[in-house]
Amino acid sequence: MAAPTVVFDLDGTLVDTAPDLIATLNTILAGEGLPPVAFAAARNMVGGGARAMIERGLTAEGVIPVAARTERLCGQFIEHYAAHIADHSRPFPGVEAALDALIRRGCRLAVCTNKLEWLALKLLGALGLAERFAAICGADTFGVQKPDAAILHRTVGRAGGHSDRAIMVGDSITDIAVARAAGIAVIAVDFGYSETPVAALAPDRIVSSFAHLPEVVFTLLARQKGESPQNVNPQFTLWSPHLDES
């Protein structure tokens, strides 16, 4: 039996990257003579990659994004962000302990993000998280982005795992959509950057703390094998939209 693979989104799931991404966005907008986007509004722009964030930032200021301008600003964004990638970004509480618990119990870990791969590697390296992952894959790694199922399947494969023994963990509709497209169970965290409450997006499970994640992962893995979960505290299975599975 292949070791299970747990694949994580990055922004808004593992790491609270909004402070540095929003600061970068507003620096770029300022260079165009545009006012800053409020933090609360900009927080939900995170997660789709630099280009999407710029397009949404321009639109929020009443500017129609034009391809040539967006491309130029995207280059400036990446350059500035790379220089400030971990000024204020930090792992969400409990991340390190949850990752270590999954590793101790035999899981392979991977990251599947719409960030560029080198930026994901740089961020996770700066935060001391990179070595925990068997694969860190970004929007440019395979030439496809989430929610294309291929990026998730290929991330699992690069980590040495198999999609039929994998779980996706994310915070947004993109993460849930890629998991559904790939036929992989998905756990959503409810503290990320989703504009829509994740309960409305029907993931397999929702967690509000990384302290709960390992037991929820193993509950889903046991069900994949048609087994009854062993030694799982019921309080950790917080919520499921699929009542017939509970």
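How are α7 and α8 oriented to each other: roughly parallel or roughly perpendicular? This is a predicted model, and a good place to enter it is the spot where these two helices pack. Helix α7 covers residues 149–158 and helix α8 covers residues 173–182, and their axes sit 8 Å apart at an angle of about 75 degrees. Angles of 65 to 115 degrees count as roughly perpendicular, and α7 and α8 are therefore roughly perpendicular to each other. On the α7 side, the contact is made by Ala 149, Ile 151, Leu 152 and His 153, while α8 brings Val 178, Ala 179, Ala 181 and Ala 182. Sort those by class and you get seven nonpolar residues, one polar and no charged ones.

Now step back to the nonpolar cores. In soluble globular proteins, nonpolar side chains tend to be buried together. Here the largest nonpolar core has 58 residues, and Phe 8, Leu 14 and Phe 133 are the ones with the most contacts inside it. There is also a second, separate core of 23 residues, which includes Met 168, Val 178, Ala 179 and Ala 188. Val 178 and Ala 179 may ring a bell, since both also belong to the α8 side of the helix contact.

Just ahead of α8, take a look at Ser 172, which sits in the loop between β6 (166–170) and that helix. Is Ser 172 buried or exposed? Its relative accessibility is 16%, so Ser 172 counts as buried. Leaving aside residues up to four places away in sequence, Ser 172 touches Ser 194 and Leu 201.

Right after Leu 201 in the numbering comes Ala 202, in the loop between β7 (185–189) and β8 (205–207). Ala 202 is not a glycine, yet its phi is positive, at about 55 degrees. With a relative accessible area of 28%, Ala 202 is partly exposed.

Another backbone detail is worth a click: a cis peptide bond joins Lys 146 and Pro 147, with omega at about 15 degrees. Pro 147 is in the loop between β5 and α7.

Strand β5 itself spans residues 135–137, and Ala 135 is part of it. At 4% relative accessibility, Ala 135 counts as buried. Which residues does Ala 135 touch, not counting those up to four places away in sequence? They are Leu 109, Ala 110, Val 111, Thr 155, Arg 158 and Ala 159. Met 45, on the other hand, is 90 residues from Ala 135 in sequence, and the two C-alpha atoms are 26 Å apart.

If you are wondering about cysteines, the structure holds zero disulfides. For Cys 74, the nearest cysteine sulfur is that of Cys 112, 19 Å away. Cys 74 is buried, at a relative accessible area of 6%. For Cys 137, the nearest cysteine sulfur is again that of Cys 112, this time 6.8 Å away. A disulfide needs the two sulfur atoms within 2.5 Å, and Cys 137 is in no disulfide. Cys 137 is buried too, with a relative accessible area of 0%.

Finish with helix α4 (residues 67–83), where you will find Glu 71. Glu 71 is partly exposed, its relative accessible area being 47%. Measuring C-alpha to C-alpha, how far apart in space are Glu 71 and Ile 103? The answer is 40 Å, for a pair 32 residues apart in sequence.

Key: Residues numbered from 1 in each chain as written. Predicted model: local features only at pLDDT ≥ 70, side-chain atom pairs only at ≥ 80, totals over all residues. Heavy atoms only, no water. Axes fitted to C-alpha atoms, helices over the stretch in contact; angles between N-to-C directions. Helix = DSSP H or I, 4+ residues; strand = E, 2+ residues; numbered from the N terminus. Parallel < 35°, antiparallel > 145°, perpendicular 65-115°, else oblique. Contact = heavy atoms within 4.5 Å. Nonpolar A, V, L, I, M, F, W, Y, C, P; charged D, E, K, R; others polar. Buried < 20%, exposed > 50% of the residue type's maximum accessible area, 1.4 Å probe, protein only. Core = buried A, V, L, I, M, F, W, Y, C linked by side-chain atoms within 4.5 Å.
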